[in-house]
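Okay, thanks everyone, let me put this one up on the screen. I'll talk you through it chain by chain, and then we'll zoom in on some side chains.

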Amino acid sequence: MDMIEDDTPATGYVGSGIADRAARALIAYRAGFPTLMGEAVREITPLLWYAVRSQGVGRDRAEDVVQGVWVSFVGGIDTIREPQALLQWLLVAARRAAWASVRASRADAVKQAPVQDSDADRLQALVTVPEVDAQVLHDERDRVLWARFALLPERCQALLRLISLAERPDYQQISAALDMPVGSIGATRGRCLAKLRTLLADDDVRGFS
Amino acid sequence: MTESWMEGARADEPMDEADQEILRSLGAAVVLVDPVPDGLVDRILFAMTLERLDADVAEMMEQVSTEPVSIRGDAAAVAETITFTSSELSVMITLSEVAGGVRIDGWVAPGGAFRIEVHRSAGVDVTETDPDGRFVFTAVPRGQASLLIHCEEPHRRSLRTPTFEL
């Protein structure tokens, strides 16, 4: 998070990472030049999308949540003192908004659940993560992987989802997105992968055992 | 997802080849099964542009679709009326389909001289009200839009509507 000592006239940030690009975009945006911010929105929105989806927010609501994060960033742009912190700010805001959205939809679901339902049924309805279409997976192996992955605890799914989307995951970003201490990500990842491999081994699926 | 997500990698417990294969397959599946929605980035950029306008935001009060009506034997068109209000102004618009997009007939009350802008992600159209507060955009391309109502008197805040669908 330290300022990089540099004399680049435009912004002072010369790093090549996504957080550096976001910092440059923020500085330019404040000065009235929105082009870099447009690029940053294009680059960062997928991260926010998968971070929000990892928290169990449905696709429809996730769109509103992600858009809301960006809009509140514009409204609160003066509260971000350190441009280098923008990416972190967005990820934390996305996680909080996702939690609020999940709480709201669970409260709705409880209100709407018929009273005679057993607690077990009701709980089941609440934890079901909805509405993605696994039919797009044509490979049988991928379908089995997806089905077994869905059996993992939510926390494992969230973490593996984010890690799987990167070849070299940045644990700072994952920590911000999931509110998981950086130091525990490696071990949790190991446990979650081990569970997944056990589930896959039961199926005797070619290639993953 | 692009490479950008990955900078600042940490070396920790190594993964074996099978772990990496699972993660690769999983990542590919996530992107296929749960893609970032088409157009989301453009909608976000549009919302950010609106948020930067120095304007109060009106509240959407009512949205009424009327039955298709046939005018002069033309093809039936669905008209839609939306009402917005703020503490100072009300704005009513009627949207009707025309060739090349949507016609907006609007009315600002109380009347007066206002500059009206219709913002879309692709750009801005401008018109002015007549003394009764009426305005027309004859054909605006479909998509998300927001109206900016700018009073010509000095020291009055501009007003904008929430986005609505043309």
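**Two chains, two kinds of fold elements**

Let's begin with chain B, which has 2 helices and 11 strands. Before I go on, please keep in mind that this is a predicted model. If you walk along chain B from the N terminus, the order is α-α-β-β-β-β-β-β-β-β-β-β-β. Of its 166 residues, 39% count as buried. The surface that chain B exposes is about 8800 Å², and carbon and sulfur atoms supply 51% of that. And if you take the contacts in chain B between residues at least 6 apart in sequence, 47% of them join residues at least 24 apart.

Now chain A: 9 helices and 0 strands. So from the N terminus you just read α-α-α-α-α-α-α-α-α. Chain A has 209 residues, and buried ones make up 48% of them. About 10500 Å² is exposed on chain A, with 52% supplied by carbon and sulfur atoms. For the contacts in chain A between residues at least 6 apart in sequence, 59% join residues at least 24 apart.

**Strands in chain B**

Back to chain B for a moment, and to strand E3, residues 79–85. Is that strand enclosed or open? Well, 6 of its 7 residues are buried, so E3 of chain B is largely enclosed by the rest of the structure.

On one pairing, strand E2 of chain B, residues 59–65, is joined to E3(B) by 6 bridges, and the two run antiparallel. If you want a landmark there, look for B:Glu62, whose bridge partner in E3(B) is B:Thr83. E3(B) also pairs with strand E4 of chain B, residues 90–98, through 7 bridges, again antiparallel. The landmark for this pairing is B:Thr81, which has B:Thr94 in E4(B) as its bridge partner. E3(B) and E4(B) make a hairpin, with 4 residues between them.

**Cysteines**

I know somebody will ask, so: how many disulfides are there over all chains? Searching the whole structure gives 1. The disulfide is formed by A:Cys156 and A:Cys192, with 2.1 Å between the sulfur atoms. A:Cys156 sits in helix H7 of chain A, residues 154–164, and A:Cys192 in helix H9 of chain A, residues 182–203, so the bond ties together parts that are 36 residues apart in sequence. The torsion about the S-S bond is about -80°, so this disulfide is left-handed. Both A:Cys156 and A:Cys192 are buried. While we're on cysteines, B:Cys151 counts as buried too, because its relative accessibility is 5% and the cut-off for buried is under 20%.

**Aromatic rings**

Next, rings. Over all chains, the count comes to 6 aromatic pairs. Take A:Phe73 and A:Trp89: their ring centres are 6.3 Å apart and the planes sit at 65°, so the pair is edge-to-face. A:Phe73 is in helix H3 of chain A, residues 59–75, and A:Trp89 is in helix H4 of chain A, residues 86–112, so the pair ties together parts 16 residues apart in sequence. A:Phe73 is buried, at 0% relative accessible area, whereas A:Trp89, at 27%, counts as partly exposed.

There's also a tilted pair, A:Trp146 with A:Phe149, at 5.5 Å centre to centre and 40° between the planes. These two are 3 residues apart in helix H6 of chain A, residues 140–149, so about one helical turn separates them. A:Trp146 and A:Phe149 are both buried.

Ring pairs also link A:Tyr29, A:Trp70, A:Phe73 and A:Trp89 into a cluster.

**Arginines to click on**

Let me finish with three arginines. Which ring face does B:Arg52 lie over? That would be A:Tyr29, with B:Arg52 at 3.9 Å from the ring centre. Within chain A, A:Arg95 lies over the face of A:Trp99, at 5.3 Å from the ring centre.

And then A:Arg161, which lies in helix H7 of chain A. Its relative accessibility is 8%, so A:Arg161 counts as buried. What does A:Arg161 contact, leaving aside its neighbours within four places in sequence? In chain A, the contacts are A:Arg53, A:Ser54, A:Trp146 and A:Phe149, and in chain B they are B:Val30 and B:Asp34.

Okay, that's my tour. Over to you.

Technical notes. Residues are numbered from 1 along each chain as its sequence is written. Chains are lettered from A and ligands numbered from 1 in the order in which they are written. This is a predicted model: local features need pLDDT of at least 70, side-chain atom pairs count only at pLDDT 80 or more; totals for chains, interfaces and linings use all residues. Side-chain values use heavy atoms; hydrogens and water are left out. A disulfide is a pair of cysteine sulfur atoms within 2.5 Å. Buried means under 20% relative accessible area, exposed over 50%, partly exposed in between (1.4 Å probe, protein chains only). Two strands pair if DSSP finds at least two bridges between them. Rings of Phe, Tyr and Trp (its six-membered ring) pair if their centres lie within 6.5 Å; planes under 30 degrees apart count as stacked, over 60 as edge-to-face and the rest as tilted. A charge sits over a ring if NZ of Lys or CZ of Arg is within 6 Å of the ring centre and within 35 degrees of the ring normal. Contact means heavy atoms within 4.5 Å. Accessible areas come from the Shrake-Rupley method with a 1.4 Å probe; for residues, only the protein chains shown count as cover.
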